[in-house]
Amino acid sequence: MAEVTAVIFDVGNVLYHWNPRLLYERLIPDDQALDAFLRDVVSPEWHFQHDAGTPFAQTSAELIARHPDHASLIQLWGERFIDSVAPAVDGMPEIVRDLDDNGVPLFAITNFSAEFWAPFHAREQALFAPFRDIVVSGAEKMVKPDPAIYQLALARFGVCAGQALFVDDREENVTAAKAEGMHGHLFRGAAALRAELAALNLL
């Protein structure tokens, strides 16, 4: 097996906690109403369109037409999306720092709206500074676990698949990365990841 020399991270729920509830829980105090809104209005399926490159102006207009009584709350998704991204996952800034200190090339592949990514990346530029490149699904109009996004990323990063460790919290995304020849780590916390990185002599 090729020696692992580079690490490719997912962002949401690996480097940073992401949960739309964080944006809306102060605006919809009733838990049942909040659950229904997140499930039936701003659903994961609806948001996935942004990750795939569909503009928020289009998705919000369509959603407001179906749920006009929630128009103002839907608009807030676009205006305050980064409020749904919480502080970094415990232990992950330290892992990024330690890998960078060891000279390990760092990259990321994230399912993220291109228009929401820009303000978020600017806000969190300190953590992302060591990253040499980041593939954002919304900008490329392809999403994990589509094999094409991994192929694009490896080519752009200049990294051989067998020399990359891909870290993601979703099993289907890790499985797809392995199918492209990468090593995969299903993220369940910083401690387990640090142990694997140490075993690979990256930390």
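P145 sits in the loop that runs between helix 9 (137-140) and helix 10 (147-157). That loop is a handy place to start exploring this structure, which is a predicted model.

**Exercise 1. A loop with two oddities**

Task: Work out which form, cis or trans, the peptide bond from K144 to P145 takes, and find which residue in the loop between helix 9 and helix 10 has a positive phi although it is not a glycine.

Solution:
- Start with the bond. Omega from K144 to P145 is near 10 degrees, and the bond is cis.
- Now look along the loop between helix 9 and helix 10, where you'll also find K141. Phi of K141 is about 60 degrees, a positive value although K141 is not a glycine.
- Finish with accessibility. K141 comes out at 58%, so it counts as exposed, since the cut-off for that label is over 50%.

**Exercise 2. Another positive phi**

Task: Decide whether N13 is buried, partly exposed or exposed, and say where it lies.

Solution:
- First, place it: N13 is in the loop between strand 1 (6-9) and strand 2.
- Next, check the backbone. Phi of N13 is near 65 degrees, which is positive in a residue other than glycine.
- Last, the label. The relative accessibility of N13 is 29%, so N13 counts as partly exposed; that label covers values between the 20% and 50% cut-offs.

**Exercise 3. Two residues of helix 3**

Task: Follow W46 and F48 and work out what each one touches or pairs with.

Solution:
- Begin with the rings. The structure has 20 aromatic pairs. In one of them, the ring centres of W46 and F56 are 6.3 Å apart and the planes meet at 70 degrees, so this pair is edge-to-face; the angle cut-off for that is over 60 degrees.
- Then see what the pair joins. W46 belongs to helix 3 and F56 to helix 4 (residues 56-66), and the pair links distant parts of the chain, 10 residues apart. Both W46 and F56 are buried.
- Stay with W46 for a moment. S60, a residue of helix 4, touches W46, I74 and Q75, leaving out residues up to four places away in sequence. With a relative accessibility of 4%, S60 counts as buried.
- Now turn to F48, also found in helix 3. F48 has a relative accessible area of 36%, which makes it partly exposed. Beyond residues up to four places away in sequence, F48 touches N111, V143 and K144. K144 takes you back to the cis bond to P145.

**Exercise 4. The largest pocket**

Task: Which helix gives the largest share of the lining of the largest pocket?

Solution:
- Get the volume first: the largest pocket holds about 640 Å³ of space.
- Count the lining next. There are 31 lining residues, and W18, H47, D51, N111 and R170 lie nearest the centre.
- Sort them by class: 14 are nonpolar, 10 polar and seven charged.
- Sort them by element. Strand 2 (16-18), helix 3 (44-51) and helix 11 (171-179) each give at least two lining residues. Helix 3 gives the largest share, five residues.

**Exercise 5. Inside the fold**

Task: Find which residues have the most contacts inside the largest nonpolar core, then look at two buried residues, L23 and D168.

Solution:
- The largest nonpolar core has 49 residues, and F9, L15, Y24, M92, F128 and F131 have the most contacts inside it. Leaving aside neighbours within four places in sequence, the contacts of L15 include F9, M92, F128 and F131. A second, separate core has 17 residues, among them Y150, A153, A177 and M182.
- That fits a broad habit: in soluble globular proteins, nonpolar side chains tend to be buried together.
- L23, in helix 1 (residues 21-24), is at 1% relative accessibility and so counts as buried. Outside its neighbours within four places in sequence, L23 contacts L76, W77, R80, D83 and S84.
- D168, in strand 6 (residues 164-168), is buried, with a relative accessible area of 0%. Setting aside neighbours within four places in sequence, D168 has contacts that include D10, K144 and L186. The C-alpha atoms of D168 and L186 are separated by 5.5 Å, though these residues are 18 apart along the chain.

Conventions:
Residues are numbered from 1 along each chain as its sequence is written. This is a predicted model: local features need pLDDT of at least 70, side-chain atom pairs count only at pLDDT 80 or more; totals for chains, interfaces and linings use all residues. Side-chain values use heavy atoms; hydrogens and water are left out. Helices (H or I, at least four residues) and strands (E, at least two) are DSSP runs, numbered from the N terminus. Buried means under 20% relative accessible area, exposed over 50%, partly exposed in between (1.4 Å probe, protein chains only). Contact means heavy atoms within 4.5 Å. On a 1 Å grid over the protein atoms alone, a cavity is a set of points where a 1.4 Å probe fits but cannot get out, and a pocket is an open set with protein on both sides within 12 Å along at least five of seven lines; lining residues have an atom within 4 Å of a point. Grid points are joined across faces, edges and corners, and a volume is the space filled by probe spheres set on the points. Ala, Val, Leu, Ile, Met, Phe, Trp, Tyr, Cys and Pro count as nonpolar, Asp, Glu, Lys and Arg as charged, and the others, Gly among them, as polar. Rings of Phe, Tyr and Trp (its six-membered ring) pair if their centres lie within 6.5 Å; planes under 30 degrees apart count as stacked, over 60 as edge-to-face and the rest as tilted. A nonpolar core is a set of buried Ala, Val, Leu, Ile, Met, Phe, Trp, Tyr and Cys residues joined through side-chain atoms within 4.5 Å.
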